[in-house]
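Here are a few exercises to work through with the model open beside you. Grab a viewer and try each task before you read its solution.

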Amino acid sequence: MKLGAFSISLNVKDIHQSKAFYEKLGFETLGGDIKQNWLIMKNEQAVIGLFQGMFEKNILTFNPGWDHNARNLDVYKDVRELQAELKEKGIKLIQEADESTEGPAYITVEDPDGNPILIDQHR
């Protein structure tokens, strides 16, 4: 099952301090808007999202339709197809995508330890 580009979305207390810290580790800003309290940062193939005040836990994130540079892929599996496959495998979804729609949508599952996993399709 191909879930798309992987990143970890971090719940941070102070986005400016977190940005400065990760820059010292060699991360560079790839996208986002610090004025809206979110940034996407990258160091080689490692991608992290910094989010201040948007969610409670850190989240494992997959983006169908994107590569690791947030560029569109020509071929990818739609999040609704992934949703159907997960359901067939008996995985409980916390948040489901509307199967009657097309385009951007997301689903959320939790691993056995309660870690949230977001599969977030942007196109």
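A salt bridge here is a side-chain nitrogen of Lys or Arg within 4 Å of a carboxyl oxygen of Asp or Glu. Keep in mind that this is a predicted model.

**Exercise 1. Test the pair aspartate 78 and arginine 80 against that rule, then say whether they are buried or exposed.**

Step one: look up the gap. The closest N and O atoms of aspartate 78 and arginine 80 are 2.8 Å apart. Step two: apply the cut-off. The rule asks for within 4 Å, and aspartate 78 does form a salt bridge with arginine 80. Step three: check the surroundings. Buried means under 20% relative accessible area, and both aspartate 78 and arginine 80 are buried.

While you're at it, have a look at Lys87, Glu96 and Glu99: salt bridges that share partners join them into one network. The count by this rule comes to six salt bridges.

**Exercise 2. Work out how lysine 19 and glutamate 23 are placed in helix H1, and how accessible each one is.**

Start with the contact itself: the two side chains, lysine 19 and glutamate 23, meet in a salt bridge at 2.6 Å, N to O. Next, the spacing. Helix H1 covers residues 15–24, and because lysine 19 and glutamate 23 are four residues apart in it, about one helical turn separates them. Last, accessibility. Lysine 19 has a relative accessible area of 23%, so it counts as partly exposed. Glutamate 23 comes out at 36%, also partly exposed.

**Exercise 3. Do the accessibility check for the salt bridge between glutamate 85 and lysine 77.**

First the distance: the side chains of glutamate 85 and lysine 77 meet at 2.5 Å, N to O. Then the areas: glutamate 85 has a relative accessible area of 21%, and lysine 77 has 29%. Partly exposed is the band between under 20% and over 50%, so glutamate 85 is partly exposed, and so is lysine 77.

**Exercise 4. Describe the largest pocket: what is its volume, and what lines it?**

Begin with the volume, which is about 530 Å³. Now the lining: 26 residues, with Phe51, Thr61, Asn63, Asp120 and His122 nearest the centre. Which elements contribute? Those giving two or more residues are strands E1, E2, E3, E4, E5, E7 and E8. E1 gives the largest share, four residues. Finally, sort the lining by class: 14 nonpolar, ten polar and two charged residues.

Key: Residues are numbered from 1 along each chain as its sequence is written. This is a predicted model: local features need pLDDT of at least 70, side-chain atom pairs count only at pLDDT 80 or more; totals for chains, interfaces and linings use all residues. Side-chain values use heavy atoms; hydrogens and water are left out. On a 1 Å grid over the protein atoms alone, a cavity is a set of points where a 1.4 Å probe fits but cannot get out, and a pocket is an open set with protein on both sides within 12 Å along at least five of seven lines; lining residues have an atom within 4 Å of a point. Grid points are joined across faces, edges and corners, and a volume is the space filled by probe spheres set on the points. Ala, Val, Leu, Ile, Met, Phe, Trp, Tyr, Cys and Pro count as nonpolar, Asp, Glu, Lys and Arg as charged, and the others, Gly among them, as polar. Buried means under 20% relative accessible area, exposed over 50%, partly exposed in between (1.4 Å probe, protein chains only).
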